Amino acid sequence: MSLHGDALAVLTSWAAPSAEEDALRVSFLDHLRAHDDAMLRECAPGHLTATTAVLSHDGERVLLTLHPKAGMWLPMGGHCEPGDRTLAEVALREAVEESGISGLELLPGPLALDRHQVWCHPPHSWHLDVEYAAVAPAGAEAVISAESLDLRWFPVEEIPEPSDEATRRLAARGRATLAMLG
């Protein structure tokens with residue numbers, strides 16, 4: 001199955017936890033059906049991306065990056081690449097690349113959807129973000145990458161400003177999922 005086919009399957013079977021996210025799910029599916037290149041950054045109207053909230057082994061902290069373009073504390077994430085086969089693979093790859101932590105375990109997902117404006121194609125484009133969570137091994141130490149101004153662990157309940165509601169929601173859902181599995 002192609003990455004595009006995986007995204008169709010994932011979003012078709014995903015039970016959205018809110019009416020707002022179900023509307024996003026339907027719009028993401030419509031976008032996938034309308035654009036063969038919807039998984040790639042070259043898709044000017046918008047493209048699917050994957051984000052991952054990296055949680056500490058106990059789920060109490062979340063690792064956030066100070067994003068250089070957005071100027072906000074955000075989870076790890078980014079664009080799909082031609083060799084990617086699944087959205088989950090994209091989510092895990094981006095989390096490892098941006099956190100520097102090996103041995104991350106992806107939780108069952110996705111956990112959320114978000115649509116936000118970006119500047120990939122001026123004057124703007126959209127990221128259709130499929131969001132996951134991963135758990136770091138105990139004692140994991142993050143290593144800042146060139147894609148970040150800073151990288152820090154924060155208590156899930158104390159995500160600093162500037163950030164956004166999508167980041168807070170994803171961290172909380174990741175912690176709840178980990179607790180449910182635990």
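So, is Asp84 buried or exposed? Keep in mind that what's on screen is a predicted model. In this model Asp84 is buried, because its relative accessible area is 8%, and the cut-off for buried is under 20%.

Let's see where that residue sits. Asp84 is in the loop that runs between strand 4, residues 76–79, and helix 3, residues 87–99. And what does its side chain do in there? The side chain of Asp84 makes a polar contact with the side chain of Arg93, at 2.8 Å. If you skip the neighbours within four places in sequence, Asp84 is in contact with Leu3, Glu89, Val90 and Arg93.

Okay, on to the nonpolar cores. The largest one has 21 residues, and the members with the most contacts inside it are Leu11, Leu32, Met39, Leu48 and Val130. Who supplies this core? At least two residues each come from helix 1 (3–13), helix 2 (19–34), strand 1 (47–55), helix 3 and strand 7 (125–135). Take Met39 as an example: leaving out residues up to four places away in sequence, Met39 touches Leu3, His4, Ala7, Leu32, Leu48, Cys80 and Leu87. Leu3 should ring a bell, since Leu3 is also on the contact list of Asp84. There's a second core too, separate, with 16 residues, and among them are Leu66, Val135, Phe154 and Val156.

Now the helix pair. For two packed helices, people quote the angle between the axes and the distance between them. Here the axes of helix 1 and helix 2 come within 10 Å and cross at roughly 155 degrees. Anything over 145 counts as roughly antiparallel, so helix 1 is roughly antiparallel to helix 2. The crossing of these two, helix 1 and helix 2, is left-handed. Which residues meet there? From helix 1 you've got His4, Ala7, Leu8, Leu11 and Thr12, and they meet Arg25, Phe28, Leu29, Leu32 and Arg33 from helix 2. Leu11 and Leu32 turn up here, and both were on the list of residues with the most contacts inside the largest core.

Last thing, the prolines. Where are the cis peptide bonds I want to show you? One joins Pro122 and Pro123, with omega about 5 degrees. Pro123 lies in the loop between strand 6 (112–118) and strand 7. Another cis bond goes from Glu161 to Pro162, and there omega is near -5 degrees. You'll find Pro162 in the loop between strand 8 (151–155) and helix 4 (165–181).

That's my tour, thanks.

Terms used:
Residues numbered from 1 in each chain as written. Predicted model: local features only at pLDDT ≥ 70, side-chain atom pairs only at ≥ 80, totals over all residues. Heavy atoms only, no water. Helix = DSSP H or I, 4+ residues; strand = E, 2+ residues; numbered from the N terminus. Buried < 20%, exposed > 50% of the residue type's maximum accessible area, 1.4 Å probe, protein only. Polar contact = N/O pair within 3.5 Å; in protein donor to acceptor, adjacent residues only side chain to side chain. Contact = heavy atoms within 4.5 Å. Core = buried A, V, L, I, M, F, W, Y, C linked by side-chain atoms within 4.5 Å. Axes fitted to C-alpha atoms, helices over the stretch in contact; angles between N-to-C directions. Parallel < 35°, antiparallel > 145°, perpendicular 65-115°, else oblique. Left-handed = near helix turned anticlockwise from the far one by under 90°.
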